[in-house]
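Reader: I would like to go through the labels attached to this model and see the reasoning behind each of them.

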Amino acid sequence: MNEGDVTFREMFRELPVQTSLFSFGPVVLAIAQLFNGIYYGTTLTYHALFGVVMIAFAVLVTRHHLVSFRVRRLERDEP
């Protein structure tokens with residue numbers, strides 16, 4: 001690992017609320033939507049598609065926040 005690399009764990013330790021909201025929030029929402037579809041007996045295709053989109057969104061947003069966290073850390077640690 002390079003000197004400037006950061007991990008998800010480091011970001012979670014420093015920004016727990018933001019990381020939880022953007023990384024786990026969409027996944028929880030996708031699971032809730034899937035259970036909502038099961039409970040009401042609607043077509044699960046749309047709920048599953050929504051879940052896939054929300055999980056993809058969570059991955060992309062988490063990657064974006066990791067990059068911005070890395071940039072802030074590099075700027076902060078600059079001599």
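Reader: How many aromatic pairs does the structure hold?

Author: This is a predicted model, and the structure holds four aromatic pairs.

Reader: Why is the pair of Phe12 and Phe24 called edge-to-face?

Author: Rings count as a pair if their centres lie within 6.5 Å, and as edge-to-face if their planes are over 60 degrees apart. The ring centres of Phe12 and Phe24 are 6.4 Å apart and the planes stand at 70°, so both conditions are met and the pair is edge-to-face. Phe12 belongs to helix H1 (residues 8-14) and Phe24 to helix H2 (residues 16-40), so the pair ties together parts that are twelve residues apart in sequence. Phe8, Phe12 and Phe24 also form one aromatic cluster.

Reader: What makes Phe12 and Phe24 partly exposed?

Author: Partly exposed covers the range between the buried limit, under 20% relative accessible area, and the exposed limit, over 50%. Phe12 has 33% and is therefore partly exposed, and Phe24, with 40%, is therefore partly exposed as well.

Reader: What makes the pair of Tyr39 and Tyr40 edge-to-face?

Author: The ring centres of Tyr39 and Tyr40 are 4.9 Å apart and their planes are at 90°, so this pair is edge-to-face. Both Tyr39 and Tyr40 are exposed.

Reader: How do you know that the side chains of Arg73 and Glu10 are joined by a polar contact?

Author: The cut-off for such a contact is 3.5 Å between N or O atoms, and the polar contact between the side chains of Arg73 and Glu10 is 3.4 Å. Arg73 is located in helix H3 (residues 44-76), and, leaving aside residues up to four places away in sequence, Arg73 touches Val6, Glu10 and Glu14.

Methods
Residues numbered from 1 in each chain as written. Predicted model: local features only at pLDDT ≥ 70, side-chain atom pairs only at ≥ 80, totals over all residues. Heavy atoms only, no water. Helix = DSSP H or I, 4+ residues; strand = E, 2+ residues; numbered from the N terminus. Polar contact = N/O pair within 3.5 Å; in protein donor to acceptor, adjacent residues only side chain to side chain. Contact = heavy atoms within 4.5 Å. Phe/Tyr/Trp six-rings, centres within 6.5 Å; stacked < 30°, edge-to-face > 60°. Buried < 20%, exposed > 50% of the residue type's maximum accessible area, 1.4 Å probe, protein only.
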